[in-house]
Number of protein chains: 2
Amino acid sequence: MGRPRGFDETEVVRAAAALFAHRAYDGVSIDDLVAHLGIHRNSLYKIFGSKRGLYMAALRWHVENQVRPLILAIGEANDLAEAVRRALTGQGDSSALDLVLMAALEHAPADPEVAAEVTAVLDALDEALAIGPTGAIPTPALRGALTSSLLGLRLRARTASSGAGPEQAGAALARHLFPHNPDPSL
Amino acid sequence: MGRPRGFDETEVVRAAAALFAHRAYDGVSIDDLVAHLGIHRNSLYKIFGSKRGLYMAALRWHVENQVRPLILAIGEANDLAEAVRRALTGQGDSSALDLVLMAALEHAPADPEVAAEVTAVLDALDEALAIGPTGAIPTPALRGALTSSLLGLRLRARTASSGAGPEQAGAALARHLFPHNPDPSL
DNA sequence: CCGGTTTAGGAACGATCGTTCTTGACTGAT
DNA sequence: ATCAGTCAAGAACGATCGTTCCTAAACCGG
């Protein structure tokens, strides 16, 4: 019973994640959210409790439905270059890693819940690179370095703005880490 | 003539840079600044014009006086592992790259002035890695990837919080990029 | 058709933001 | 001693922030 809601909760969470990934958390106001998400303030607070509640929901949804598939795809890549390419190119002009990037830099140092989510994602990425493409990336330290490199490449791509993007750099890195695996695709 | 100021302008800019590097731009309020910098609101606006003016001054000062020496030190490193180590360990618990990191992620996409500063720094880092340590890192794409990796390693270090830091990962990356240069130091 | 329930619409709240203003204290030169 | 000029101290401004409240509209089972 009750009036039917004029919005789709999942769609709201997805759009919120997109907004938080594009601008920063503080760069998105409640007015922005209610204007772009098609949800009313009342419902927003009813469902998510607070702005931070919506943010956490968006972060968790995005990790579960966007980043996890990406990590699976990385684990199934044929070689390291393809894995890197998959990590850096999302649908549209952004990568699935962008929201994680923002969370890691802005909130993780001061918010343990966000930090837990971020470290879980990054650890999963490490693991995907371990059991993944070329069969084995030998040391944990090197896997961690490669995950960090993916973040850095995506970070730099955000400021470069020109499309001369990170794929070439990522491919170069992959090629140099494993030159014994010739990859004519890039 | 006039009353002598009770603060050192350079010290104000340095402290502001430290604050902006630790918390985000939006995470530092004017009240925070006047409370921690020992400068009065009036003088702040007299000298820097606005919060953004102070931020730009802090960013430029930090680039000139903290990042540039770091880049020189990187260019003079003996091998890549040492260069990476120098890049990732600043005085105290933070790296000189942190403010650049924040600027790149938060402001560069929407602020051309910040973007120019950031790309200049990153390009200089690329160049330092080119003419630097091991004599030559072959392709520009790989140099860009390595610079991005430094950013990513530092980014991840901020959320890890435990001291198991990025030096090991950076060393592993350096060792794998140039295994022909044995480096017993790490 | 009616009471109960949930949402939409939008005004309104206190708090905080960046910024400006007013007043008085201190200084060097006349 | 006086005046002009700079800074300190802090109140105050309008705007915007996240959040709450109130009322009307839309659906449900009786």
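This report walks through how two protein chains meet each other, how two helices pack, and what lies around a DNA strand.

A word on conventions: residues count from 1 along each chain as its sequence is written, while chains are lettered from A and ligands numbered from 1 in the order in which they are written. Please keep in mind that this is a predicted model, in which local features need pLDDT of at least 70, side-chain atom pairs count only at pLDDT 80 or more, and totals for chains, interfaces and linings use all residues.

**The two chains**

A turn of 180° with a shift of 0.0 Å along the axis lays chain A on chain B with an RMSD of 0.0 Å (a least-squares superposition on the C-alpha atoms of residues with pLDDT of at least 70 in both copies). That is the relation of a two-fold axis. Of the interface residues of chain A, 100% are also interface residues in chain B, so the copies meet through the same surface.

In that interface, 36 residues of chain A are in contact with 36 residues of chain B; contact here asks for C-beta atoms, placed from the backbone, within 7 Å. On the side of chain A, the elements giving two or more residues are α6 (98-107), α7 (112-131), α8 (140-160) and α9 (166-177). Helices are DSSP runs (H or I, at least four residues), numbered from the N terminus. The largest share, 14 residues, comes from α8(A).

**A helix pair in chain B**

Helix α1 (residues 9-22) and helix α2 (residues 30-37) of chain B pack at an angle of about 130°, with their axes 10 Å apart. Axes are lines fitted to C-alpha atoms over the stretch in contact, and angles run from 0 to 180 degrees between N-to-C directions. This makes α1(B) oblique to α2(B), a label for angles outside the classes under 35 (roughly parallel), over 145 (roughly antiparallel) and 65 to 115 degrees (roughly perpendicular). From α1(B), Val12(B), Ala15(B), Ala16(B) and Leu19(B) meet Asp32(B), Leu33(B), His36(B) and Leu37(B) of α2(B).

**Around the DNA**

DNA strand C is surrounded by 24 residues, and the closest are Gly2(A), Arg3(A), Arg3(B), Ser29(B) and Ser50(B); near means a C-beta atom, placed from the backbone, within 6 Å. α3(A) gives the most to this surface, with 4 residues.

**Residue classes**

Ala, Val, Leu, Ile, Met, Phe, Trp, Tyr, Cys and Pro count as nonpolar, Asp, Glu, Lys and Arg as charged, and the others, Gly among them, as polar.

| Surface | Nonpolar | Polar | Charged |
|---|---|---|---|
| Side of chain A that touches chain B | 22 residues | 10 residues | 4 residues |
| Contact of α1(B) with α2(B) | 6 residues | 1 residue | 1 residue |
| Surface near DNA strand C | 7 residues | 9 residues | 8 residues |

Note on methods. Contact = placed C-beta atoms within 7 Å.
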